[in-house]
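Q: I am new to this structure and would like a close look at a single part of it. Please start from one residue and work outward to what surrounds it.

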Amino acid sequence: MADKDVEKTEEIFDPLMDAEEAFLHQRGPGKDKIEAWKKEFGYLEWMAFDDEVFVYRSINRSEYRRIFTQSPPTALAEMESFVEEEIIKAALLFPAYDTIDWEKRAGLQRTLSDNIMRLSGFQPTVGPRRI
């Protein structure tokens, strides 16, 4: 086997990824729970705000329709907040929605909702390209 073939098969050590995984498993729900959710829901993502870990899944089309056909408040700002809350309630796996201090950080709800929508296919993973 040539030296360059050996290089391709060697596992690459990524200290940043190992540190991130350690953080997730120390502060998050645990490896077994994550694996169970992967089997149940497919793709999962996680993000951290300071020392808090948030694990979420995508929403499906019927969940999306349910959220947007409910009777939200009439003011635009209230409607946006309502929709963000409903998206998070549908997709947040860890921690439980009602255990989070939403007043602590003004942008947490918007950021989580945007990430869930991106994971659900509502934002492109690659930007448009000129042809």
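In which helix does Arg-27 lie?

A: The model is a predicted one. Arg-27 lies in helix α2, a helix that covers residues 15-27. Arg-27 has a relative accessible area of 44%. The range between buried and exposed runs from 20% to 50%, so Arg-27 counts as partly exposed.

The next point is what Arg-27 touches. With neighbours within four places in sequence left aside, Arg-27 is in contact with Asp-51, Val-53 and Phe-94. The C-alpha atoms of Arg-27 and Ala-48 are 9.4 Å apart in space, although 21 residues apart in sequence.

To place these contacts, it helps to have the whole chain in view. The chain holds 6 helices and 3 strands. Read from the N terminus, its elements follow the order α-α-α-β-β-α-α-β-α. The chain has 131 residues, and buried residues make up 31% of them. Of the contacts in the chain with a separation of 6 or more, 62% are between residues 24 or more positions apart.

The strands form an open sheet of 3 strands in the order β1-β2-β3, and the pairing is antiparallel. β1 and β3 are the edge strands, since each of them pairs on one side only. Ignoring direction, neighbouring strands of this sheet are turned by 35° against each other on average. Helix α3 packs on the sheet and touches β1, β2 and β3, with its direction at about 135° to that of β1. Helix α5, residues 76-91, also packs on the sheet. α5 touches β2 and β3, and its direction makes about 50° with that of β3.

Now the strands one pair at a time. Strand β1 covers residues 44-49 and runs antiparallel to β2, with 6 bridges joining the two. Within this pairing, Met-47 has Phe-54 of β2 as its bridge partner. The hairpin of β1 and β2 has 2 residues between the strands, and there Asp-50 takes a positive phi near 55°.

Val-53, one of the contacts of Arg-27, falls within the range of strand β2, which covers residues 52-57. Of the 6 residues of β2, 5 are buried, so this strand is largely enclosed by the rest of the structure. In a regular strand, side chains alternate between the two faces of the sheet.

On its other pairing, β2 meets strand β3, residues 92-94, in the antiparallel sense over 2 bridges. Here Val-55 stands opposite Phe-94 in β3. Phe-94 is also one of the residues in contact with Arg-27. Phe-94 is joined to Pro-95 by a cis peptide bond, with omega about -10°. Pro-95 is found in the loop between β3 and α6, the helix of residues 108-119.

Helix α2, where Arg-27 lies, also takes part in a pocket. The largest pocket holds about 250 Å³ of space. Its lining has 13 residues, and those closest to its centre are Leu-24, His-25, Ile-34, Lys-38 and Trp-46. At least two lining residues each come from α2, α3 (31-41) and β1. The largest share is from α2, which gives 5 residues. By type, the lining residues divide into 6 nonpolar, 1 polar and 6 charged.

Two residues elsewhere in the chain can be set beside Arg-27. Glu-86 lies in helix α5 and has a relative accessible area of 11%. The cut-off for buried is under 20%, so Glu-86 is buried. Not counting residues up to four places away in sequence, Glu-86 touches Arg-66, Ile-67 and Gln-70. Phe-122 has its place in the segment after α6. With a relative accessible area of 34%, Phe-122 is partly exposed. Its contacts, with neighbours within four places in sequence left aside, are Arg-61, Tyr-64 and Met-117.

To return to the starting point: Arg-27 is a partly exposed residue in helix α2, in contact with Asp-51, Val-53 and Phe-94.

Notes. Residues are numbered from 1 along each chain as its sequence is written. This is a predicted model: local features need pLDDT of at least 70, side-chain atom pairs count only at pLDDT 80 or more; totals for chains, interfaces and linings use all residues. Side-chain values use heavy atoms; hydrogens and water are left out. Buried means under 20% relative accessible area, exposed over 50%, partly exposed in between (1.4 Å probe, protein chains only). Helices (H or I, at least four residues) and strands (E, at least two) are DSSP runs, numbered from the N terminus. Two strands pair if DSSP finds at least two bridges between them. On a 1 Å grid over the protein atoms alone, a cavity is a set of points where a 1.4 Å probe fits but cannot get out, and a pocket is an open set with protein on both sides within 12 Å along at least five of seven lines; lining residues have an atom within 4 Å of a point. Grid points are joined across faces, edges and corners, and a volume is the space filled by probe spheres set on the points. Ala, Val, Leu, Ile, Met, Phe, Trp, Tyr, Cys and Pro count as nonpolar, Asp, Glu, Lys and Arg as charged, and the others, Gly among them, as polar. Axes are lines fitted to C-alpha atoms, for helices over the stretch in contact, and angles run from 0 to 180 degrees between N-to-C directions. Contact means heavy atoms within 4.5 Å.
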